[in-house]
Amino acid sequence: MRPSEPGKAAEMQQLPSALATVPVSRGFTLLEVLVALVIVGTALGASLRAIGSLTRNSDDLRAATMATWSAENRLSQIRLGREWPALGKRQFTCAQGELALVCEEEVLATPNPYFRRVQVSVFESGQPERRIVRLAQVVPNG
């Protein structure tokens with residue numbers, strides 16, 4: 001553009017001030033994007049760990065509930081049948097649904113010869129060293 005034209009010269013003088021008021025648009029830097037990805041990845045990893053923990057706790061709670069039902073069933077059977085169980089230990093299967101359980105019944109003498117203490121412990125059949133629950137009751141003779 002030639003400065004000899006009067007209209008164009010005025011536009012040229014106004015052009016730099018117009019550009020100065022327009023905000024400069026720039027994107028995110030690579031470092032900012034990487035930091036954001038690390039933060040999001042950490043949050044997602046923690047969320048997945050929490051969900052896994054909830055699932056495991058749910059399975060353990062289900063197993064404990066089923067084991068408690070198995071032990072209560074045996075103790076109720078003794079009480080309602082008015083059984084006088086023999087002293088000692090015995091094991092038997094006491095599955096609940098698809099959960100394979102093994103019950104261990106231990107009958108102990110008490111200071112009063114007319115009562116016996118019955119303890120029923122429940123174990124997972126796949127892990128016999130892990131006791132899930134143990135319930136006890138005192139049984140009268142007769």
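A residue is taken as buried when its relative accessible area is under 20%. In this predicted model, Cys-103 is buried, with a relative accessible area of 0%, and Cys-94 likewise counts as buried because its relative accessibility is 11%. Cys-94 and Cys-103 are joined in a disulfide, in which the two sulfur atoms lie 2.0 Å apart, and the count of disulfides comes to one. The torsion about the S-S bond of Cys-94 and Cys-103 is about 95 degrees, so the disulfide is right-handed.

The strands E2, E3 and E4 may be described in turn. Strand E2, which comprises residues 101-109, pairs with E3 in the antiparallel sense over nine bridges, and within this pairing Leu-101 has Glu-124 of E3 as its bridge partner. The connection from E2 to E3 is a hairpin of five residues.

On the side of strand E4 (residues 127-140), E3 is again engaged in an antiparallel arrangement, here through 10 bridges, and the bridge partner of Phe-115 in E4 is Pro-140. A hairpin through two residues leads from E3 to E4. Strand E3 thus pairs with E2 and is also joined by bridges to E4. With regard to solvent accessibility, seven of the 10 residues of E3, which spans residues 115-124, are buried, so this strand is largely enclosed by the rest of the structure.

Note on methods. Residues numbered from 1 in each chain as written. Predicted model: local features only at pLDDT ≥ 70, side-chain atom pairs only at ≥ 80, totals over all residues. Heavy atoms only, no water. Buried < 20%, exposed > 50% of the residue type's maximum accessible area, 1.4 Å probe, protein only. Helix = DSSP H or I, 4+ residues; strand = E, 2+ residues; numbered from the N terminus. Pairing = 2+ DSSP bridges. Disulfide = S-S within 2.5 Å.
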